[in-house]
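Let's take a walk through this one together, starting from the overall fold and working down to single side chains. Have the viewer open as you read.

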Amino acid sequence: MGRHGGSPRGSGEAGGATAREGGAGPARLALLALLGSILVPLVVAGLRSVLWVLVGIAGLALAAVGVWWVLAHTGVLRVLGGFLSVAAPVTVLALYAVFGMLGPALLSLALWALAVTAARTALAPGRTASEQAVVTAPRAPWILMNPRSGGGKVGRFQLAEKARAAGCRVVLLDAGQDVTELARQAVAEGADLLAVAGGDGTQALVAEVAARHDLPFVVIPAGTRNHFALDLGLDRDDPAAALQALSDGVELRIDLGYAADRVFVNNASFGTYASVVTDPAYRDAKARTTLRTLPGLLTGEDTLSLRTRAGRTHLDGLQALLVSNNPYGRAVDATRPGRRERLDSGLLGLVCVRVGNTAEAARIVRGPRSGGLVRLNAEEVVVEAGGDTLPVGIDGEHVVLPSPVVCRSAPGALRVRVPRRRPHTLRGSGAAADWPRVARLALGRLLPSREQDVAAVREPPPW
């Protein structure tokens, strides 16, 4: 497999210098906003603000219980759960409004979000992927297009016609064809660039062939969700714009993830979701199929208990586990919710769910300390359960792999060519807010060295 000659982990010293030189202003803003988020309720309600915080936490806990009942039960309890998940937060907001706390609470929340965003910006590296200008256009580009993906985006955006006009050889995928074999044949016939217009599962299969032969790879977002394209900064609403990478592009070196011998560009999921996608009805009725099958998977006879090992961390009793090609941001991240800030860290991200009953669902509002939702980063992850095989959802496609499944990162394995100008350029907003580092930066003290930062990432805390 082709490997990048430089560091696969991104920006190196340039990124660290940028953080040191340009992060003092955002760091000071972060501290001021954090202080404001604390002072606003104290000024308005004094010590009673503690009571209002507890009321808000109780509302969130009841809403979490309601969601658990909806997912894990059927019948009357599911109906009650749906009511509780809506009524609890609405009641809390009504109480806040009646007692004049709604405005201060929203302002405090907005200041907290600003503080977190500014802190992450202050710690962000200058670049998040090794990037270099492309000076020569490919001589024999090859593009595989799935005319059924995304509800027919290939035909709707006239992608085949535009690709042929750009000098590409276009192959339209028929049902039952072997995607990997088509890509290998294209390489054997002299293709010097591989591209895919389709979903993330198809992207992963061709990306593996491109990486193995060290060929550039182009992503054309013609699937339904196109998470990979989004994290590359591409415009999912204009898939034809990705063709500009052929004539006016830059090249990124990014990582690939492996689950056993299967490549994933986004993630590999184990447990409940991986079992749900095995149902033939899932493709046509995702929400209905999920609600029908989840109770048996979470609390019934079909409950699957996963075990995982990530570095020195061992976890068991997991219902669901998501292993991602580079860590995802938190869902509450105001800047990039649920997206990957970089694709070249050389690390896998883990999100583990361990909620077995109503009490554990209520405690999940405590965050990492509850143990219900665990986040980790690691270079290698081992996943197993009680049987000899494990169902796995790889970029949304169902496969069955021998247990245990070893997941690993292949740093810098893939050369991705993207347009020079794209709407969501791959630039991160920093790691999770590290307030001691933010304070040091705001006060003018240098951040720890790059080597210390990398060591801290490789040895993450247990949550």
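How many helices and strands are there in the chain? There are 15 helices and 17 strands, where helices (H or I, at least four residues) and strands (E, at least two) are DSSP runs numbered from the N terminus. Before going further, keep in mind that this is a predicted model, so local features need pLDDT of at least 70 and side-chain atom pairs count only at pLDDT 80 or more, while totals for chains, interfaces and linings use all residues. Residues are numbered from 1 along each chain as its sequence is written, and side-chain values use heavy atoms, with hydrogens and water left out.

First, the overall picture. Of the 463 residues in the chain, 49% are buried; buried means under 20% relative accessible area, exposed means over 50%, and partly exposed is in between (1.4 Å probe, protein chains only). The chain exposes about 21,400 Å², with carbon and sulfur atoms supplying 59% of that area (Shrake-Rupley method with a 1.4 Å probe; for residues, only the protein chains shown count as cover). Now look at contacts, meaning heavy atoms within 4.5 Å. Among those with a separation of 6 or more, 74% are between residues 24 or more positions apart.

Next, find the long helix early in the chain, α2. Helix α2 covers residues 24–45, and its 22 residues reach 32 Å from first C-alpha to last, close to the 32 Å expected at 1.5 Å a residue (the expected span is 1.5 Å times one less than the number of residues). Its buried residues are A24, A27, A30, A33, G36, S37, V40, P41 and A45. Just after α2 comes G46, with a positive phi of about 60°.

On to the sheets. One of them is an open sheet of 6 strands with antiparallel pairing, in the order β13-β12-β11-β8-β15-β16; two strands pair if DSSP finds at least two bridges between them. Why do β13 (373–378) and β16 (397–402) each have one side without a neighbour in the sheet? They stand at the edges with a single partner strand each, so one side of each is left open in that sense. From one strand to the next, the twist averages 25°, with axes as lines fitted to C-alpha atoms (for helices over the stretch in contact) and angles running from 0 to 180 degrees between N-to-C directions. At one edge, β15 (residues 389–394) and β16 pair antiparallel over 6 bridges, and the bridge partner of I394 in β16 is E397.

Now swing over to β6, which is mostly covered: 11 of its 11 residues are buried. Strand β6 runs antiparallel to β17 (residues 405–419), joined by 10 bridges, and it also pairs in the antiparallel sense with β7 (residues 262–264) over 3 bridges. G257 shows both pairings nicely: G257 stands opposite S409 in β17, and its bridge partner in β7 is F264. The hairpin of β6 and β7 has 2 residues between the strands, and A260 there takes a positive phi near 55°.

That leaves the charged pairs. Side chains of opposite charge can pair when their charged atoms come close. The whole structure holds 11 salt bridges (a side-chain nitrogen of Lys or Arg within 4 Å of a carboxyl oxygen of Asp or Glu). E208 and R212 make one of them, at 3.4 Å, N to O. Sitting 4 residues apart in helix α9 (residues 200–212), the two are separated by about one helical turn. E208 is buried at 15% relative accessibility, whereas R212 is partly exposed at 47%.

The next pair reaches further along the sequence. D214 and R253 meet in a salt bridge of 3.1 Å, N to O. D214 is in the loop between α9 and β5 and R253 is in strand β6 (residues 249–259), so the pair ties together parts that are 39 residues apart in sequence. D214 is partly exposed at 29%, while R253 is buried at 11%.

D231 and R340 form a salt bridge too, with the closest N and O atoms 2.8 Å apart. D231 lies in helix α10 and R340 in the loop between β11 (320–325) and β12 (348–353), so this pair ties together parts that are 109 residues apart in sequence. Both D231 and R340 are buried. Finally, D248, R420 and R421 are linked in a network of salt bridges.
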